[in-house]
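Here are my notes on the model you passed along, set out as numbered points. Have the structure open while you read.

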Amino acid sequence: MQTVRGGLVGIAVMLSTLGPLAGSALAQGYVYPARGQNPQQQQKDQGECQAWAMQQPGANPAAVPPPPGPQGQVARGAARGAAVGAVGGAIGGNAGKGAAIGAASGALIGGVRRRDQERASQQAQADASASYGRAYAACLEGRGYTVK
């Protein structure tokens, strides 16, 4: 029983040092020292497996770039829309109204693009986190731990 308790303490220590990465990697379950590893060995193995997992292709959540800033897409879309709308409005006889309509539609399109980029970034983050969790578990299982 002491080994399990020590192992859980080791996991708690690792969680505090790994931060958000540990939560995603260990969200799949628990790490049990199946070969009777002591808590110090388990902590060492978990640290080494964390480092190894981070080096695997596509498994580093910290390397996923954040989505672009919130103002850029909307502002650029509004500016482009206003310019196009002003030209279209001038042809129709009311450049101001055309610019206003163009700015609104341009901002809407810019906002949609921003949401699409945010979704793609979130998906890339989730994929990297899942890859990290699989790599981390594979490493620990290779060292004689059961990961459930």
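1. Let's begin with burial: of the 148 residues in the protein, 32% are buried. On the outside, about 8500 Å² is exposed, and carbon and sulfur atoms supply 61% of that area. Keep in mind throughout that this is a predicted model.

2. How far can you trust it? The mean pLDDT of the protein is 72, with 50% of the residues reaching 70 or more. Residues 1–25 have a pLDDT below 50, though in the model this stretch still has 30 contacts beyond near neighbours in sequence. I'd go easy on those contacts, because predicted coordinates should not be read in detail where pLDDT is low.

3. On the overall layout, the protein has five helices and two strands. Starting at the N terminus, the order is α-α-β-α-α-α-β. If you count contacts with a separation of 6 or more, 79% of them are between residues 24 or more positions apart.

4. Next, the cysteines. Searching the whole structure turns up one disulfide, and C49 and C139 are the residues it joins, with 2.1 Å from S to S. The pair ties together distant parts of the chain, since C49 sits in helix α3 and C139 in helix α5 (residues 95–142), 90 residues apart. The angle about the S-S bond is -75 degrees, making the link left-handed. Is the pair buried or exposed? Both C49 and C139 are buried.

5. Right beside C49 in the sequence there is E48, also in helix α3. E48 shows 33% relative accessibility, so it counts as partly exposed; the band for that label runs between 20% and 50%. Along the chain E48 is 91 residues from C139, yet their C-alpha atoms are separated by 8.8 Å.

6. Which residues make up the largest nonpolar core? There are twelve: V31, C49, A53, A59, Y132, A135, Y136, A137, C139, L140, Y145 and V147. Both disulfide cysteines are on that list. Two or more core residues come from each of α3, α5 and β2 (145–147), and α5 gives the most, with six.

7. Within that core, have a look at the tyrosines of α5. The structure holds one aromatic pair, formed by Y132 and Y136, which are stacked with 5.8 Å centre to centre and 10 degrees between the planes. The two lie four residues apart in helix α5, about one turn of the helix. Y132 and Y136 are both buried.

8. Another core tyrosine is Y145. What is Y145 in contact with, once its neighbours within four places in sequence are left aside? The partners are V31, Y32, P33, A34, Q37, Q41, Q42, D45 and L140. Of these, V31 and L140 also belong to the largest nonpolar core.

9. Finally, a residue outside the helices: A62 is in the loop between α3 (39–55) and α4 (70–92). Its relative accessible area is 65%, which is why A62 is classed as exposed; the cut-off for that label is over 50%. A62 and A128 are 66 residues apart in sequence, while the C-alpha to C-alpha distance is 8.6 Å.

Methods: Residues numbered from 1 in each chain as written. Predicted model: local features only at pLDDT ≥ 70, side-chain atom pairs only at ≥ 80, totals over all residues. Heavy atoms only, no water. Buried < 20%, exposed > 50% of the residue type's maximum accessible area, 1.4 Å probe, protein only. Disulfide = S-S within 2.5 Å. Contact = heavy atoms within 4.5 Å. Areas by Shrake-Rupley, 256 points an atom, 1.4 Å probe, with all protein chains shown as cover. Phe/Tyr/Trp six-rings, centres within 6.5 Å; stacked < 30°, edge-to-face > 60°. pLDDT = per-residue confidence, 0-100. Core = buried A, V, L, I, M, F, W, Y, C linked by side-chain atoms within 4.5 Å.
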